[in-house]
Amino acid sequence: MSKKTISKKALSADQRGELLSVLSVRFEKNMNRHKGLEWAKVLARLDASPEKLWSLNEMEITGGEPDVVDHDKKTGEYIFYDCSAESPKGRRSLCYDDEALEERKEAKPDGSAIDMAATMGITLLTEEEYRGLQELGKFDLKTSSWVITPANIRKLGGAVFCDRRYDTVFLYHNGAISYYAARGFRGSLRV
């Protein structure tokens, strides 16, 4: 994906119905991720935000399997994370950001995690959010996911990513220009 503005950020009635069905089934199957929350209330928020539904569809079609993981009582927003077992397949082999993409002279990837997330209308998980996700299940046992990199590390050319190995969540570093077939990113969306 590129920085081009997506002109149509709305789903057809069929796409909308299909996505809501998938999200509803996933919500009911994984109640441990959102104890005490009700699908009807989530659905009401989604109905009021068609552009957010478009972003959730982008998360879904790139393999993220988005699901509700929290509710912000102050704002009323429901928080969705990518809950696929491994880093979403449609979002791998990306360097960290566009600065890194421009820096890379040879064998450039198709894009960057930060740009793709922005185009989709989502944000990368922070390390804290990633660790919170890992409390809800076991994710990234074979893959890894870029997470938001602190400015001081990024300024020096680095970026950070996480995974789960040996029943432990690890935070690692790499050059922001690097990319791997087994590294993608997980996003979050507030609705």
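**Reading a predicted fold, piece by piece**

Guide: Let's start outside: the protein chain has an accessible surface of about 10,000 Å², and 53% of that belongs to carbon and sulfur atoms. Accessible areas here come from the Shrake-Rupley method with a 1.4 Å probe, and for residues only the protein chains shown count as cover.

Visitor: What sort of model is this, and how are residues numbered?

Guide: It's a predicted model, where local features need pLDDT of at least 70, side-chain atom pairs count only at pLDDT 80 or more, and totals for chains, interfaces and linings use all residues. Residues are numbered from 1 along each chain as its sequence is written, and side-chain values use heavy atoms, with hydrogens and water left out.

Visitor: How many helices and strands are there?

Guide: Helices (H or I, at least four residues) and strands (E, at least two) are DSSP runs, numbered from the N terminus. In the protein chain you'll find 7 helices and 8 strands. The radius of gyration is 16 Å, close to the 16 Å from the globule rule for 191 residues, so the chain is as compact as a globular protein of that length. That radius is taken over C-alpha atoms, and the rule is 2.2 Å times the number of residues to the power 0.38. The C-alpha atoms fill a box of roughly 50 × 40 × 30 Å along the principal axes.

Visitor: What percentage of the residues is buried?

Guide: Buried means under 20% relative accessible area, exposed over 50%, and partly exposed in between (1.4 Å probe, protein chains only). Here 47% of the 191 residues are buried. As for contacts (heavy atoms within 4.5 Å), take those between residues at least 6 apart in sequence: 64% of them join residues at least 24 apart.

Visitor: How do I read the strand pairing, and what is the order of the open sheet?

Guide: Two strands pair if DSSP finds at least two bridges between them. The open sheet has 4 strands in the order β1-β2-β8-β3, with antiparallel pairing. Its edge strands, β1 (66-71) and β3 (123-124), each pair on one side only. β1 and β2 share 5 antiparallel bridges, and Asp67 stands opposite Tyr81 in β2. These two strands make a hairpin with 6 residues between them, and Gly76 in the turn has a positive phi of about 80°. On to β8 (residues 187-190): 3 bridges join it to β2 (residues 78-82), running antiparallel, and Tyr81 has Ser188 as its bridge partner there.

Visitor: Which strands pair with β4?

Guide: β4 pairs with β7 (residues 183-185) in the parallel sense over 3 bridges, and with β5 (residues 158-165) in the antiparallel sense over 3 bridges. Follow Trp146: its bridge partner in β7 is Phe185, while in β5 it stands opposite Phe161. In β4 (residues 144-147), Ser144 and Trp146 point one way and Ser145 and Val147 the other, and all are buried.

Visitor: Which residues have a positive phi although they are not glycine?

Guide: Most residues other than glycine have a negative phi. Among the exceptions here are Ala107, at about 50°, and Asp140, at about 60°.

Visitor: Where do they lie, and is each buried or exposed?

Guide: Ala107 lies in the loop between α4 (98-103) and α5 (113-120) and counts as exposed, at 52% relative accessibility. Asp140 belongs to the loop between α6 (127-134) and β4 and is buried, with a relative accessible area of 0%.
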